[in-house]
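Student: I would like to learn how to read a protein model. Could we go through one together?

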Amino acid sequence: PDYMHDGSYVECKGCDTADMVPDPEPAAAPLEDILLDPPNCDLSKPFVNAAGSGTLSPGNYNGITSSGDLTLSPGLYCLKGGFENTKGNVVGNDITLYFMNSTTVKLNNNFNEKKIENSYGLTLSAASGDNFGNPPAVRGVLMYFAKPSTVQINGGSNNQISGTVYAPTSDITLNGGTDLETPPVLATQIIASFIKVNGGANLEMNLEGAEFPQTPALIDLLK
């Protein structure tokens, strides 16, 4: 089927042969753009090189690449460069990764037998409230891409990723795992220019209970 956005049709290539449950359905009308304000970074503070292992605090970094077990404390991470977990377990709960420039992000299926925070592999989750960390993470937003970027999410049974990935001008590739019994589960809303799901992969997207961006309520006082 074709999918409609901004009044134009976009072909869903491979949908006729892929084993997709439930079957995709075309939009009944042009989809509205989802607009999210960029996170508020403290640009008065310098951007520093991030350690590849240990524990990071929220703040401004040139990029993040793991070289061992790495824990990201709750809060907002403003990044001039990219992000990749190349070695070890990486855990970041109640965080937002804000990519300010065009960059490359790779989420790999790496893990260490020694758990951190009761987790193997890669565990990344968006904040479920407004006061997680200093500077605080953006509720419901796991990753925010300000400019066109290349994003690759490699699935695996050790990966747990939840929250919105906001990349309206970026291409995202989802590579599922090969484990039929425990396919990777993404509790993730993905907003992107182009999304590719590689064939032969097993991938489950489960949004039940996922945290999404919140729009402040509006209250009118009538005299």
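The questions and answers below go through this predicted model.

Student: Let's start with the overall make-up. How many helices and how many strands are there in the chain?
Tutor: The chain has 223 residues, and 39% of them are buried. As for secondary structure, the count of helices is zero, and the count of strands is 19.

Student: What share of the contacts between residues at least 6 apart in sequence join residues at least 24 apart?
Tutor: Here we look at how the chain meets itself, leaving out pairs under 6 apart in sequence. Of the contacts that remain, the share joining residues at least 24 apart is 45%.

Student: And the surface? What part of the accessible surface belongs to carbon and sulfur atoms?
Tutor: Begin with the total, which is about 12,600 Å² for the chain. The part that belongs to carbon and sulfur atoms is 49%.

Student: How confident is the predictor, and over which residues from 216 on is the pLDDT below 50?
Tutor: The chain has a mean pLDDT of 79, with 65% of its residues at 70 or more. At residues 1–5 the pLDDT stays under 50, and the model has 24 contacts beyond four places in sequence for them. Another stretch with pLDDT below 50 has zero contacts beyond near neighbours in sequence, and that stretch is residues 216–223.

Student: What should I do with such stretches?
Tutor: Where pLDDT is low, the predicted coordinates should not be read in detail.

Student: Which two cysteines does a disulfide join?
Tutor: A disulfide is a covalent bond between the sulfur atoms of two cysteines. The cut-off for the two sulfur atoms is 2.5 Å, and one disulfide is counted in this model. Its S to S distance is 2.0 Å, and the residues it joins are C41 and C78.

Student: Where do C41 and C78 lie, and how many residues apart are they?
Tutor: C41 is in the loop between β2 (8–11) and β3 (54–56), while C78 belongs to strand β7 (residues 75–79). Both cysteines, C41 and C78, are buried. The pair links distant parts of the chain, with a separation of 37 residues.

Student: Is the link of C41 and C78 left-handed or right-handed?
Tutor: Look at the angle about the S-S bond, which is -100°. With that angle, the link of C41 and C78 is left-handed.

Student: Are the rings of Y61 and Y77 stacked or tilted?
Tutor: The structure holds four aromatic pairs. One of them is Y61 with Y77, whose ring centres are 6.0 Å apart and whose planes meet at 25°. Planes under 30 degrees apart count as stacked, so the pair of Y61 and Y77 is stacked.

Student: Where in the chain is each of these two, and how many residues apart are they?
Tutor: Y61 is buried at a relative accessible area of 9%, and Y77 is buried at 0%. Y61 sits in strand β4 (residues 59–61) and Y77 in strand β7, so this pair links distant parts of the chain at a separation of 16 residues.

Student: Are the rings of Y144 and Y166 stacked or tilted?
Tutor: Y144 and Y166 are both buried. Their ring centres are 4.9 Å apart and their planes are at 40°, so the pair is tilted.

Student: Which residues form one aromatic cluster?
Tutor: Y144 is in strand β13 and Y166 in strand β16 (residues 164–175), 22 residues apart. The cluster also takes in Y98, and its members are Y98, Y144 and Y166.

Student: Why is N159 called buried, and which backbone oxygen does its side chain reach at 2.9 Å?
Tutor: N159 lies in the loop between β14 (150–154) and β15 (160–162). Buried means under 20% relative accessible area, and N159 is buried because its value is 6%. Its side chain reaches the backbone nitrogen of L122 at 3.5 Å. At 2.9 Å, the N159 side chain reaches the backbone oxygen of N154.

Student: Which side chain makes a polar contact of 3.0 Å with that of S125?
Tutor: S125 is in strand β12 (residues 122–125), and it is buried, with a relative accessible area of 13%. Beyond four places in sequence, its contacts include G92, I95, L142 and S162. The side chain that makes the polar contact of 3.0 Å with S125 is that of N93.

Student: Is N131 buried or exposed?
Tutor: N131 lies in the loop between β12 and β13 (141–145). Its relative accessible area is 73%, and the cut-off for exposed is over 50%, so N131 is exposed.

Note on methods. Residues numbered from 1 in each chain as written. Predicted model: local features only at pLDDT ≥ 70, side-chain atom pairs only at ≥ 80, totals over all residues. Heavy atoms only, no water. Helix = DSSP H or I, 4+ residues; strand = E, 2+ residues; numbered from the N terminus. Buried < 20%, exposed > 50% of the residue type's maximum accessible area, 1.4 Å probe, protein only. Polar contact = N/O pair within 3.5 Å; in protein donor to acceptor, adjacent residues only side chain to side chain. Contact = heavy atoms within 4.5 Å. pLDDT = per-residue confidence, 0-100. Areas by Shrake-Rupley, 256 points an atom, 1.4 Å probe, with all protein chains shown as cover. Phe/Tyr/Trp six-rings, centres within 6.5 Å; stacked < 30°, edge-to-face > 60°.
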